[in-house]
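Open the model in your viewer and keep the selection tool at hand. The tour goes stop by stop.

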Amino acid sequence: NTTVYYDDDADVSTLDDETVAVLGYGSQGHAHSLNLHDSGVDVVVGLREDSSSRSAAEEAGLRVETPDVAAREADRVVMLVPDTVQPAVYEAIEDELDEGDTLQFAHGFNIHYGQIEPPEGVDVTMSAPKSPGHLVRRTYERGEGTPGLIAIYQDATGNAKEEALAYSKAIGCTRAGVIETTFQEEVETDLFGEQAVLCGGVTEMVKAGFETLVDAGYAPEMAYFECLNELKLIVDLMYEGGHMGMWNSVSDTAEYGGLTRGEEVIDREGMEKILEEVQNGEFAREWINENQAHRPAYKQYRAAEENHQIEEVGGGLRELFAWGEDADQEKEEAPAD
Ligand code: NDP
Ligand code: MG
Ligand code: MG
């Protein structure tokens, strides 16, 4: 049985004599910095000299230094720049990690795949909200939180877990619940999930459904509503009540058709291959090389996605119909990037 940690299991005062350097002020960085600050933790934000995020952090009342200066005075350095630039940023701060300091992540890619190799005397931990940054901030402001993970990769001080929990409390995660995992499990499940189900699997299924209907002569607008727009309604039901909550809300015809036909579109061997390539490091190697080559394949895939008919049809429909009130409100509350 998984232990879930809540507010009572953590003590923010554990971080009382620490200065925390949050490197990056994007999705996660702005949320962590502001929540830590409001929880009474001493925060310094680390950003490059010409950073486009600098003014936002300063206007929010936070102290900003370059990453190396921030890391020098910090006891805890939190890597919240994009995963692909973390190895370069790490090089700039590596010499500032003293014995007993903590190097902390919100995702395990660079540690697990050996792109960052911290020194022995340093704690290496993770405190990761399972949520985009604007919700980490918004829920905290409401007195709530988002669920989170902690993981300990290296415990040089013996305090790594206690501190990771204290940090998770300071950013609001223990209000919702925090579970412990490992860097390996977090990375492998995260990459598999986003590739096979969440981002890759879902978009491919939506496109294939849309194309099947359009190729058969149905109106693209009908195909868009059926295969993309309604997906949210189904996912909301699953989110609230699991699969049974969803099956109970749709018609018996939808339920019978779905239960008997759904499996036909799933390629389990394909899924296993995706997991294998995550586990054996093949995907990571490919993505690291792709970045070193300035992303030629990435740019091609992205252009094809932008030019897909579903984008044009959907863009037009989203403007014509007035179902976007909630969406507009969410957009306003999300930080501009
Ligand atoms: P973002 O892409 O939002 O980070 C952008 C920030 O990083 C900006 O402040 C940017 O400043 C800074 N930055 C970019 N490049 C550099 C650089 N070369 N040197 C210094 N600063 C730089 O990152 P996320 O918040 O999305 O991700 C941060 C971490 O959190 C990742 O490990 C990610 O996997 C993890 N995570 C993300 C989640 C999410 O929902 N986004 C959820 C859970 C974990 P500048 O203006 O200088 O470019
Ligand atoms: Mg410490
Ligand atoms: Mg992910």
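**Stop 1: the metal site**

Select E194: at 30% relative accessibility, E194 counts as partly exposed, because the partly exposed class lies between under 20% (buried) and over 50% (exposed). Keep in mind that this is a predicted model.

Now show ligand 3, the magnesium ion. E194 coordinates the ion through OE, and D190 appears twice, each time through OD. These contacts span 2.1 to 2.7 Å. Next, colour helix 9, residues 183-198. Both D190 and E194 sit in helix 9. They are four residues apart, about one turn of the helix.

**Stop 2: the nonpolar patch**

Move to the surface view. Select V202, L231, V235 and M238. Together they make a nonpolar surface patch of about 250 Å². Which helix gives the largest share of the nonpolar patch? Helix 11, residues 220-249, does, with three residues.

Pick out L231, which has its place in helix 11. L231 counts as partly exposed, because its relative accessibility is 30%.

**Stop 3: S168 and its surroundings**

Select helix 7, residues 160-170, and find S168 within the helix. Is S168 buried or exposed? S168 counts as buried, because its relative accessibility is 1%, and the cut-off for buried is under 20%.

Show the neighbours next. Leaving aside residues up to four places away in sequence, S168 touches S127, I150, C173, T174 and V178. Follow the contact to S127, which belongs to strand 7.

**Stop 4: strand 7**

Select residues 123-129, strand 7. Seven of the seven residues are buried, so strand 7 is largely enclosed by the rest of the structure. Look along the strand. D123, T125, S127 and P129 point one way. V124, M126 and A128 point the other way. All of these are buried, whichever way they point.

**Stop 5: the strands paired with strand 7**

Add strand 6, residues 102-105. Strand 6 pairs with strand 7 in the parallel sense, over four bridges. To find one of the bridges, select F105: its bridge partner in strand 7 is M126.

Now add strand 8, residues 148-154. How do strand 7 and strand 8 run, parallel or antiparallel? They run antiparallel, joined by six bridges. Select P129 and look across to strand 8, where G148 stands opposite.

How values were computed:
Residues are numbered from 1 along each chain as its sequence is written. Chains are lettered from A and ligands numbered from 1 in the order in which they are written. This is a predicted model: local features need pLDDT of at least 70, side-chain atom pairs count only at pLDDT 80 or more; totals for chains, interfaces and linings use all residues. Side-chain values use heavy atoms; hydrogens and water are left out. Patches are made of residues with over 30% relative accessible area and no salt bridge: like charges are joined within 9 Å, nonpolar side chains (Val, Leu, Ile, Met, Phe, Trp, Tyr) within 5 Å. Accessible areas come from the Shrake-Rupley method with a 1.4 Å probe; for residues, only the protein chains shown count as cover. A salt bridge is a side-chain nitrogen of Lys or Arg within 4 Å of a carboxyl oxygen of Asp or Glu. Helices (H or I, at least four residues) and strands (E, at least two) are DSSP runs, numbered from the N terminus. Buried means under 20% relative accessible area, exposed over 50%, partly exposed in between (1.4 Å probe, protein chains only). Donors are N, O and S atoms within 2.8 Å of the metal (3.2 Å for Na, K and Ca); water is not among the atoms, so sites may look incomplete. Contact means heavy atoms within 4.5 Å. Two strands pair if DSSP finds at least two bridges between them.
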